[in-house]
Amino acid sequence: MKHIVQATDHPRTKDTLKEDLRRLGITQGMTIIVHSSLSSLGWVNGGSIAVVQALMETVTEEGTIVMPSQSVDLSDPSEWGNPAVPKEWWETIRETMPAYDPAHTPTSGMGQIVETFRTYSGVRRSSHPMYSFAAWGKDSEDLLRDHPLEFSLGENSPLERLYKKHAFVLLLGVGFGNNTSFHLAEYRIPFRNVIQKGSPVMDAGKRVWKTYKELEFREELFEKIGEAFIEAKGIKAEKIGSALAYFFSMPKAVDFAETYLKALQ
């Protein structure tokens, strides 16, 4: 915390963040998907609550805010590597891991802003045990309904609905490696490596371990795709507090990523 204070020229507040968001082009009634880093903003009076309030008061309930709220810890222990667990533990873990609960399951590695947002009054969360989204505002229910268990970030997912609604992406102090929207492009190309996932869920009131199909994602390509995208489209980074921020059309980014990925085949 000390180094954040020392690196901040003046306190960031809800109102200064709102001014920065509006200057970036975010307005009332927009649909936006947000990826964020609290520490990148500098010292914020009120921390993550101030950031969430600034976003909500800028977009208002006439718009919609979405954030990935992934809980990738609810996965098959055979996939774990940081840290790995002994093979003789796997079955016990599968049998006893608490089921996904949209209201109570914490996010995994998504940052403090997302964790605050998902618990905020009026925020909904989708049903996927690993790749859920949290949303607030006008279209939150429609965007999150019936989140498919299999192929969870492709067609009929919240990402595809955001695409159809011409949503915008806000990268707030994070890079394109965090841009979940690029996953939608992975479902729209011929290359497919289908793998099996597993998570604990509630089914008819009972906790069960469900296995389901998913693509093997190639997130290691996302930064390069992002670099090519901002160069091709002339997108400039702006400042929100101390953070570098990118704001752009989600459909344009997904379409660009689809073309980029197809060219790799």
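Over the face of which ring does Arg 218 lie? In this model, which I should say at once is a predicted one, Arg 218 lies over the face of Phe 191, at 4.2 Å from the ring centre. There is another arginine to set beside this, since Arg 188 lies over the face of Tyr 163, at 4.4 Å from the ring centre. I will return to rings later, but let me begin with the sheet.

The sheet is an open one of seven strands, and if you follow it across you meet them in the order E3-E4-E2-E1-E5-E9-E8, with mixed pairing. At its edges are strand E3, residues 124–125, and strand E8, residues 238–240, each of which pairs on one side only. Going inwards from E3, strand E2, residues 64–68, and strand E4, residues 133–137, run antiparallel and are joined by five bridges; within that pairing, Thr 64 has Gly 137 of E4 as its bridge partner. As a reminder, the strands of a sheet pair through backbone hydrogen bonds, and they may do so parallel or antiparallel.

Towards the other edge, E9 has partners on both sides. With E5 it runs antiparallel, through five bridges, and here the bridge partner of Leu 170 is Phe 247 in E9. With E8 it also runs antiparallel, this time through three bridges, and Glu 238 stands opposite Ala 245 in E9. The hairpin of E8 and E9 has two residues between the strands, and in that hairpin Gly 241 takes a positive phi near 60°. How many of the seven residues of E9 are buried? Six of them are, so this strand is largely enclosed by the rest of the structure.

Let me now turn to the helices that cover this part of the sheet. Helix H10, residues 250–264, lies across E5 and E9, and runs at about 85° to E9. Helix H2, residues 14–24, lies across strand E5 (168–172), E8 and strand E9 (243–249), and its direction makes an angle of about 155° with E8.

H2 deserves a closer look, residue by residue. Its buried residues are Leu 17, Lys 18, Asp 20, Leu 21 and Leu 24. Because these cover an arc of only 165° around the axis, they fall on the same side of H2. The general background is that an α-helix has 3.6 residues a turn, so residues three or four places apart point the same way. The buried residues of H2 pack against helix H3 (47–59), E5, E8 and E9, whereas the face turned away from that buried side carries the exposed residues Glu 19 and Arg 23. After the helix comes Gly 25, whose phi is positive, near 120°.

Back to the rings, then. A search of the whole structure finds ten aromatic pairs. One of them is formed by Tyr 131 and Phe 217, an edge-to-face pair with 5.8 Å from centre to centre and 75° between the planes. This pair links distant parts of the chain, since Tyr 131 sits in the loop between E3 and E4 while Phe 217 sits in the loop between strand E7 (206–215) and helix H9 (222–233), 86 residues apart. Tyr 131 is buried, at 7% relative accessible area, and Phe 217 counts as buried too, at 16%.

The rings of Phe 176 and Phe 229 have their centres 6.4 Å apart and their planes at 70°, so this pair is edge-to-face. Phe 176 lies in the loop between E5 and helix H8 (182–186) and Phe 229 in helix H9, so the pair ties together parts that are 53 residues apart in sequence. Both are buried, Phe 176 with a relative accessible area of 3% and Phe 229 with 2%. These two residues also belong to a cluster, in which ring pairs link Phe 176, Phe 182, Phe 222, Phe 229, Tyr 246, Phe 248 and Phe 256.

I will end with a single serine. Where does Ser 199 lie? Its place is in strand E6, residues 194–203, and at 0% relative accessibility Ser 199 counts as buried. Leaving aside residues up to four places away in sequence, Ser 199 touches Leu 74, Ser 75, Pro 129, Met 130, Val 208, Trp 209, Lys 210 and Tyr 212. Of these contacts, Pro 129 is 70 residues from Ser 199 along the chain, and the C-alpha atoms of the two are separated by 6.5 Å.

Terms used:
Residues are numbered from 1 along each chain as its sequence is written. This is a predicted model: local features need pLDDT of at least 70, side-chain atom pairs count only at pLDDT 80 or more; totals for chains, interfaces and linings use all residues. Side-chain values use heavy atoms; hydrogens and water are left out. Two strands pair if DSSP finds at least two bridges between them. Helices (H or I, at least four residues) and strands (E, at least two) are DSSP runs, numbered from the N terminus. Contact means heavy atoms within 4.5 Å. Axes are lines fitted to C-alpha atoms, for helices over the stretch in contact, and angles run from 0 to 180 degrees between N-to-C directions. Buried means under 20% relative accessible area, exposed over 50%, partly exposed in between (1.4 Å probe, protein chains only). The arc is that of the directions from the helix axis to the C-beta atoms. Rings of Phe, Tyr and Trp (its six-membered ring) pair if their centres lie within 6.5 Å; planes under 30 degrees apart count as stacked, over 60 as edge-to-face and the rest as tilted. A charge sits over a ring if NZ of Lys or CZ of Arg is within 6 Å of the ring centre and within 35 degrees of the ring normal.
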